[in-house]
Amino acid sequence: MSEATRVKNTGLRGVTVADSAISFIDGEKGVLIYRGYRIEDLADRSSFMETVYLLLFGILPTGEHLEAFTRQVKDLRRVPGYVIDSMRHWPKSARPMDVLQACVPLLSMAEEHGDTMDRQVCLNRSIALVAQMPTLVAAWHRIRNDQPVLDPDPDLDHAGNFLWMLQGKKTDPATAKDLDVCLILHADHTFNASTFAAREVVSTRASLYAGVAAGLGALSGSLHGGANAKVMEMLLKLENEPDIEGWVSARLAGGERIMGMGHAIYKTGDPRAVYLKRMGQRLGAQTGGKWADISRKIEETALAIFAGLGKSTILPNVDFNSAPVYYLMGIPTDLMTPIFAISRVAGWCAHIIEEQFADVQGKPALYRPQAQYVGEYCGLMGCEYSPMSTRK
């Protein structure tokens, strides 16, 4: 490939690698769609369980189907005892995302044929992972704090049950509903880094568990799922800052980033951020928390500066607004990315199943991109191998 035609160091941005019927983004218009349905309709009118059903099965459920699906998820919330026993022996300083990623292969060990390529088997495993991810996150948090691990409560919905297992108290219905909406908003986002990682892994015919573990690994990075924790760390540092506007101006003047500002795709606003911003303002008013106010000052100052520089497409993203929401719910900073995983596992599994059973020219498409070699080159015969005694 010539220098003029090759795509170089783009991180595959703008490169179409596969077809998908799961979600769609129009960054210029600020549109996000799951299986044909706009995220606004799902956030306003749906539930996380209904959204998971939509992602996995491709259609909205009937009332009867949703009831059965919800019951199935509740019945699968418990994890094998050996997983909890193993976690008790791990360093309590371990990062929650590392723990979560380590748990998924442990879950696969309970499967007699973990690499089975059967659609219904994969769907059943997906539903189990959706059910068990909150249990794993909550169990690790309680283990590391020397607290008893709590059993799931079948009377609580997905979000309310997670908060119960995490905090040991029943939350108010409004907060549980807020978290349920958060889970809807984060459930899928086309070929983001973690979803691409999951699809790439299973394109080799690896198991669904291997794909989810890969997704967790990618999500843990600070440029992806870890960004919300970085936002909250920024807000905590500014808790007693008397001049937020001055801090933002100085930071941008010095060429530094404001965590949570800007998105690789959305240029006119992230539709998910609208919901989270309102949620943060409401929770802040209820709890007396100052985080929504600090966020507002950062946002207003940064947007004014960006506008003056002709960078009006740099706007708050989902991480900027989700961090204070989770914190006001009483969720520790280092659990914010695992919360992301509790939601996104639904999207990963939908993509994994789509990838595993894709049929491209009669066979699954193994992901195999090319790289442009820029290292030492001495012709097709290679460089001359010099004896160690002659090397300098």
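These are my notebook entries on a predicted model of one protein chain.

**Entry 1: the whole chain**

I started with the overall build. The chain has 16 helices and three strands. Along the principal axes, its C-alpha atoms fill a box of roughly 70 × 60 × 50 Å. Next I checked the radius of gyration, which is 23 Å for the chain; a compact globule with 392 residues would have one near 21 Å, so the two agree.

Then I looked at burial and surface. I get 48% of the 392 residues counting as buried. The exposed area of the chain is about 19,300 Å², and 52% of that comes from carbon and sulfur atoms. For contacts with a separation of 6 or more, I find that 76% are between residues 24 or more positions apart.

**Entry 2: helix α7**

How many of the 10 residues of helix α7 are buried? I count nine, so this helix (residues 158-167) is largely enclosed by the rest of the structure. I wrote down the buried ones: His158, Ala159, Gly160, Asn161, Phe162, Leu163, Trp164, Met165 and Leu166.

I also wanted to know what covers the buried residues of α7. The cover includes α2 (48-57), α3 (63-75), α6 (119-144), α8 (173-186) and α16. Just after α7 I noted glycine 168, with a positive phi of about 75 degrees.

**Entry 3: valine 248**

I picked one side chain to follow up. Valine 248 sits in helix α12, which runs over residues 244-253. Its relative accessibility is 0%, and since anything under 20% is called buried, valine 248 counts as buried.

Which residues does valine 248 touch, leaving out those up to four places away in sequence? My list is Ile258, Ile298, Thr301, Ala302 and Ile305. Ile298, Thr301, Ala302 and Ile305 fall within the range of α14 (291-308). A remark on spacing that I keep handy: an α-helix has 3.6 residues a turn, so residues three or four places apart point the same way.

I looked up one distance as well. Alanine 206 is 42 residues from valine 248 along the chain, and their C-alpha atoms are separated by 46 Å.

**Entry 4: the largest pocket**

On to the open spaces. The largest pocket has a volume of about 1,400 Å³. It is lined by 40 residues, and those closest to its centre are Phe191, Asn192, Ala193, Ala264 and Ile265. Two or more lining residues come from each of β1 (23-26), α9 (193-202), α15 and α16 (336-356). The largest share is from α16, with three residues. I then split the lining of this pocket by class and got 17 nonpolar, 16 polar and seven charged residues. Helix α16 had already turned up in Entry 2, as part of the cover of α7.

**Entry 5: closed cavities**

I finished with the enclosed spaces. I find four cavities of 30 Å³ or more. The largest cavity holds about 90 Å³ of space.

What lines the largest cavity? I have Leu276, Lys277, Gly280, Gln281, Ala292, Ser295, Arg296, Glu299, Phe320, Asn321 and Pro324. At least two of the lining residues come from each of α13 (271-287), α14 (291-308) and α15 (318-328). By class, I get four nonpolar, four polar and three charged residues in this lining. Helix α15 thus gives residues to the lining of the largest cavity and to that of the largest pocket.

Definitions and conventions. Residues numbered from 1 in each chain as written. Predicted model: local features only at pLDDT ≥ 70, side-chain atom pairs only at ≥ 80, totals over all residues. Heavy atoms only, no water. 1 Å grid on protein atoms, 1.4 Å probe; cavity = no way out; pocket = protein on both sides within 12 Å on 5 of 7 lines; lining within 4 Å. Points joined across faces, edges and corners; volume = space filled by probe spheres on them. Helix = DSSP H or I, 4+ residues; strand = E, 2+ residues; numbered from the N terminus. Nonpolar A, V, L, I, M, F, W, Y, C, P; charged D, E, K, R; others polar. Buried < 20%, exposed > 50% of the residue type's maximum accessible area, 1.4 Å probe, protein only. Contact = heavy atoms within 4.5 Å. Rg over C-alpha atoms; globule rule 2.2 N^0.38 Å. Areas by Shrake-Rupley, 256 points an atom, 1.4 Å probe, with all protein chains shown as cover.
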